[in-house]
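Please open the structure in your viewer and keep the selection panel at hand. The stops below proceed from one region to the next.

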Amino acid sequence: MITMENVCKSYKVAKRNAGMKEACKALFRRETETVKALSDVSFTINDSEMVGYIGPNGAGKSSTIKILSGILTPESGNCLVDGRVPWKNRIEHVKRIGVVFGQRSQLWWDVPVIDSFELLKDIYSIPKNEYINNLEELTGKLKLNELLRTPVRQLSLGQRMRCEIAASLLHSPKILFLDEPTIGLDAVSKLAVRDFIMNLNKEHKTTIILTTHDMQDIEALTRRIILIGKGRVLMDGTIDDMRRLAASNEASDAEKSLDKIVAALYQQLNIL
């Protein structure tokens, strides 16, 4: 089970005007602005549940995932993931979770994919039999046979993302955080990744939090949606709840597509 209670997180961002004079001034006196990434964020996700976590750029989605995975420490609030405080029990925590950041890689750029997998096996202390079984299953389901001996830098984006997902699951995590896993993928690769995620949740009962801007991913994979904007949870419900919320706010395009529903809600809730 995943629980967040009144979690807050803010960042200090450096600001300066353009020009050499302003750059020199910033060397001696830097102006900063405090940005509130998360403000009293609370939700609970049950075991085996698959949840879509959506919101505009800068809403706080990635900050939430980083806190849940133990990368960031919040300023206040409580967070438990499968009974652990992520940033306090980080070594034990990362053995039980998998994380895929669509714009970051855990694979080594200049070596074959299989070498990265072997290194991850040692990092996570995966028993040999478990590693062999998981590698065989993931290779078959994600169609990686022809990719394992290829350096990561020579893979297409779609091929790399399939390898990233496999790498995050080699140690049999109970919880998987997916931060924009289909970003930049073609239609065929997206369908392959969606099918795999759906089967993973059904067959292995893996708890999944999916963060994405692709509403087709959300519609295909999740029943529950958490909408966040300006660091606050604004809705926790289903796609139908989102449609009703859009209709109640007189969104003229509410019935046309999920993308238009979401765009209308972003505007009406003033979170763009």
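Two strands are said to pair if DSSP finds at least two bridges between them. The model toured here is a predicted one.

**The open sheet**

Select strand β1 (residues 2-15) together with β2: the two run antiparallel and are joined by eleven bridges. Within this pairing, K15 has E31 in β2 as its bridge partner. Add β4 to the selection to display an open sheet of three strands, ordered β2-β1-β4, with antiparallel pairing. β2 (31-45) and β4 (76-81) are the edge strands, each pairing on one side only. From one strand to the next, the twist averages 35°. Next, show helix α2 (residues 61-68), which packs on the sheet and touches β1, β2 and β4. The direction of α2 makes about 120° with that of β1.

**The α4 and α5 pair**

Select helix α4 (residues 113-123) and helix α5 (residues 128-141), whose axes come within 11 Å and cross at roughly 145°. The crossing of α4 past α5 is right-handed. Display side chains here: I114, F117, E118 and K121 of α4 meet K128, Y131 and L135 of α5. Classed by residue type, this contact has four nonpolar and three charged residues, and no polar ones.

**The nonpolar cores**

In soluble globular proteins, nonpolar side chains tend to be buried together. Select I54, F117, L144, L170 and M242, the residues with the most contacts inside the largest nonpolar core, which has 50 residues. Helix α6 (residues 157-169) provides the largest share of this core, six residues. Centre the view on L144: beyond its neighbours within four places in sequence, L144 is in contact with F117, L138, T139, R162, C163 and A166. Apart from the largest core lies another, of 24 residues, including V41, F43, A59 and I175.

**Two loop residues**

Move to D214, in the loop between β7 (207-211) and α8 (215-221). Is D214 buried or exposed? D214 counts as buried because its relative accessibility is 14%, and the cut-off for buried is under 20%. Neighbours within four places in sequence aside, D214 is in contact with T182, K190 and R194.

Finally, select K95, in the loop between α3 (90-94) and β5 (97-101). With a relative accessible area of 35%, K95 is partly exposed. Neighbours within four places in sequence aside, K95 is in contact with Y124 and H171. A distance label between the C-alpha atoms of K95 and A18, which are 77 residues apart along the chain, should read 45 Å.

Note on methods. Residues numbered from 1 in each chain as written. Predicted model: local features only at pLDDT ≥ 70, side-chain atom pairs only at ≥ 80, totals over all residues. Heavy atoms only, no water. Axes fitted to C-alpha atoms, helices over the stretch in contact; angles between N-to-C directions. Helix = DSSP H or I, 4+ residues; strand = E, 2+ residues; numbered from the N terminus. Left-handed = near helix turned anticlockwise from the far one by under 90°. Contact = heavy atoms within 4.5 Å. Nonpolar A, V, L, I, M, F, W, Y, C, P; charged D, E, K, R; others polar. Buried < 20%, exposed > 50% of the residue type's maximum accessible area, 1.4 Å probe, protein only. Core = buried A, V, L, I, M, F, W, Y, C linked by side-chain atoms within 4.5 Å.
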